[in-house]
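Work through the exercises below with the sequence and the model side by side. Each one sets a task and then solves it step by step.

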Amino acid sequence: MAEKLKVATCSLCGCFGCHMSFLDIDERILDLIKVVEFDRTPITDIKHISHCDIGIIEGGVANAENVEVLREFRENCDILIALGACAVNGGIPAMRNSFELKECLEEAYIDGVGVHTKMIPTDPEIPMLLNKVHPIHEVVKVDYFLPGCPPSGDAIWTFLTELIEGKPISFPYTQIHYD
Amino acid sequence: MVASTDPELNPQAFTSALLASAGNDSCELLQMLHALQLQFNHIPQASISQLSEALSLSETYIRSVIGFYTFLHETPRGEYDILFSDSITDHMLGSRLLLSDLCDKLGVERGVPRKDGRVTVDTTSCTGLCDQGPAILVNGRVLTRLDAHKIQNIALLIENCTPLDEWPSDFFRIENNIRQSNLLLSHNQCNGEAVQKCIDNGADKLLEEIDDSGLRGRGGAGFKTALKWKFCKEAHNGGTNDRVVVCNADEGEPGTFKDRVLLDSQADNVFEGMTLCAGIIGARQGFLYLRGEYLYLKPQLEAVLAKRRDKGLLGKNILGKHGFDFDIEIHMGAGAYICGEESSLIESLEGKRGVPRKRPPFPVTHGYLQKPTVVNNVETYLAAACIAASGSEWFRSVGTEESSGTKLLSICGDCEHPGIYEVPFGTSIQQILDACGASDVQAVQVAGAAGMTIPPEEFERSIAFEDVPTAGSFMVFNNERNLLDMVQNFAHFFVHESCGFCTPCRVGGALMKDLVDKLTDGKAGRYDTDEMRNIGLLMKSTSHCGLGTTAPNCVLDMLDKFPYIVEEKLAHHASYEPAFDLDEALQEARDISHRNDSRAHIRTDT
């Protein structure tokens, strides 16, 4: 049997919805693990990535830690994939881009309804926020983009199987229309 | 406060008067908005409500029309509304320095009205005065050949509230700079000769004469004029015999200014050509769609029209021929490059946003108000009049087999004698460069921002529909120029001018602009230049109209023909670099949290 491909996944500034959708491939995950081995993913709980064939990124880039993780993925993955609307376009988190960062933090920690201890957190453990949320291709080179909020389990399955089999990637229309 | 009853000062009274003279016709919406803008420095809310009521259009719709045109505003501009021409050739003549100089002197931020409402300073796309720039528009009037001294004077005049009419008249001097004349520019002014031939010999004979001349549209696309007129003449949609003649004088292609000169010096021939067309196709209604930047030409053009009406060359029973009724109305544009595209122009004539229509049906069958319509360039009508008067043989005596006659070029940039050159089709680019006194040339941009960038090894190519077609723009760049400045200027131009209707142009143009900016900043890698090519090809193959399909030309030409410009700017040390500074992007968070520990920074040296 050929050596298994190594795959890593992570969620940056996303909602884990794309990962949930990934799990919607259901029992097909058993077929998948016949040909791939998971490295860093929320499933394995491995904290740092080692060299992988495929890296899958959910979520956009909103803070310094996202930048660090994304760069680590890029350095270690031969193929990097932007999965879902946030990774591709910034998505919902990027809606804060039309406001100043200060306004966002004040709304959340000072002026918001029901806020008691009014202060903006400054703990060094907390990752520093970038002034704007970026899609991942604005920070590193990205090889593939799979749009959708989230892309369906079937779309993810089609994408991964065709990629792994080395075929040109093409979807049935029903998997990539969103209305 | 009691509202003024003087219609000059009272928006409501002014709007009522406009509506009355337009007969509450919604096709006149843009013309009314234009008049309101000139009168009140903006479109007052009260007028929007009034127009909405009278024309049965929603306020949102009227706002969408205002938002479409650069020269219309919902909030007041300054009493002196100053717009610097932002063409690359104006940049080359130092316009950007002059702009920041004027902003400093007046204490005003670009694009924002000064607190006292006195003045706004902003930029606009090419104003068509590239041979005598840097140029500005002040409340729609044109000032040319600006320099530091004039800027100082302008600042003083504005601070002293001097009315524009009292500014030094030489500020407003516009030269025609005709450097080389041939068939058309040396032809006498027709005062009915062409139209008389149409009456004497019959429309079919005249159409044949124009067909024999081989005349092709001068707007750049080169469609055979006689064929277009024939299609329109023969169109029978819904049995209407109501046909329309439209002259496209929305000369917005950066670097083009020959129509301005023709309308100033040869207006009779242009109107004669339109009347001839009306006689041939059987039209009663004619429009000259004049770009907003050429507002100053309107009074003299109206005078020419009035004179022609007096002579019986326009109006009822032209030259005594019973039933030959035709007249021409001037409609103003309001700062939208896309309206040079014929179907957008027709939409704009109907008072709407200038969004291109789906084609087919073509304007020759379904044009203005769905009537069969001929839309031709200023130069085409002029040529048609001259051909009718002097014959097809005369016209064919110069030019090439496929491109007969001459082409007017507006030449600007790095040459000793910028201006208008009428050259026979088939003239090589090198011959033209020699004629205008250009040496040490790095590149020529032919046909404007949407055209082609020609490197020296292709200077033997010639101006002709079968080789290098152009509507007239010819910009020269010498070896001291950084061509990337030109590409960047064009990329920004297309983002501003995209009508926003289709995604490939609206989004593709913006992505292209970002990539060109990234390259200019020295942050682009191979990946980015590959992306430029991908986006460019996608725009070319999928955009809705010619704006989107030609917008990436300058970037693709740069990649293909001027690789050295790209090489010099590529970031070779990294395979990929973000367009923005990541560590700088944390500064706001550092300021808010007062942190400066190592985790409050991102290393940028990867």
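Helices, of at least four residues, and strands, of at least two, are DSSP runs numbered from the N terminus. The model used throughout is a predicted one.

**Exercise 1.** Describe the secondary structure and the extent of chain A, and state how confident the prediction of this chain is.

*Solution.* Begin by counting the elements, which in chain A come to 6 helices and 7 strands. Next, read them along the sequence, where chain A follows the pattern β-α-α-β-β-β-α-β-α-α-β-β-α. For the extent, take the principal axes, along which the C-alpha trace of chain A spans about 60 × 40 × 30 Å. Finally, turn to confidence: the mean pLDDT of chain A is 94, and 99% of its residues reach 70 or more. Among the elements of this chain, helix H2 (residues 28–35) has the lowest mean pLDDT, 94, while strand S4 (residues 61–63) has the highest, 98.

**Exercise 2.** Find which residue of chain A pairs with A:Arg28 in a salt bridge, and locate both partners in the chain.

*Solution.* The side chain of A:Arg28 meets that of A:Asp154, with 2.8 Å from N to O. Placing the two partners shows that distant parts of the chain are linked, since A:Arg28 belongs to helix H2 of chain A and A:Asp154 to helix H6 (residues 153–164) of chain A, 126 residues apart. Over all chains, the count by this rule comes to 53 salt bridges.

**Exercise 3.** Characterise the interface of chain A and chain B by its residues, its buried area and its salt bridges.

*Solution.* First, list the participants: 25 residues from chain A and 21 residues from chain B take part in the contact. The size of an interface is often given as the accessible area lost when the parts come together. Here the area buried between chain A and chain B is about 2100 Å², and carbon and sulfur atoms give 61% of it. Of the area that chain A buries against chain B, 31% is supplied by A:Arg71, A:Met128 and A:Lys141, more than by any other three residues. As a last step, look for charged pairs: the rule finds 1 salt bridge across this interface, and the side chains of A:Glu125 and B:Arg599 meet in a salt bridge at 3.8 Å, N to O.

**Exercise 4.** Identify backbone features that depart from the usual case, and say where they lie.

*Solution.* Most residues other than glycine have a negative phi, and most peptide bonds are trans. With that in mind, examine A:Phe16, which is not a glycine and yet has a positive phi of about 70°; this residue lies in the loop between strand S1 (5–11) and helix H1 (17–23) of chain A. Then move to chain B, where the peptide bond from B:Arg359 to B:Pro360 is cis, with omega near -5°, and the bond from B:Pro360 to B:Pro361 is cis as well, with omega near 5°. B:Pro360 is placed in the loop between helix H14 (342–349) and strand S9 (373–377) of chain B, and B:Pro361 lies in the loop between H14 and S9 of chain B.

**Exercise 5.** Report how many cavities there are and what lines the largest one.

*Solution.* A search of the whole structure for cavities of 30 Å³ or more finds 4, and the largest has a volume of about 80 Å³. Its lining includes B:Asp250, B:Arg291, B:Glu293 and B:Glu497. Sorted by class, the lining has 2 nonpolar, 6 polar and 4 charged residues.

Notes. Residues numbered from 1 in each chain as written. Chains lettered and ligands numbered in written order. Heavy atoms only, no water. 1 Å grid on protein atoms, 1.4 Å probe; cavity = no way out; pocket = protein on both sides within 12 Å on 5 of 7 lines; lining within 4 Å. Points joined across faces, edges and corners; volume = space filled by probe spheres on them. Nonpolar A, V, L, I, M, F, W, Y, C, P; charged D, E, K, R; others polar. pLDDT = per-residue confidence, 0-100. Contact = heavy atoms within 4.5 Å. Buried area = accessible area lost by both parts, 1.4 Å probe. Salt bridge = Lys/Arg side-chain N within 4 Å of Asp/Glu carboxyl O.
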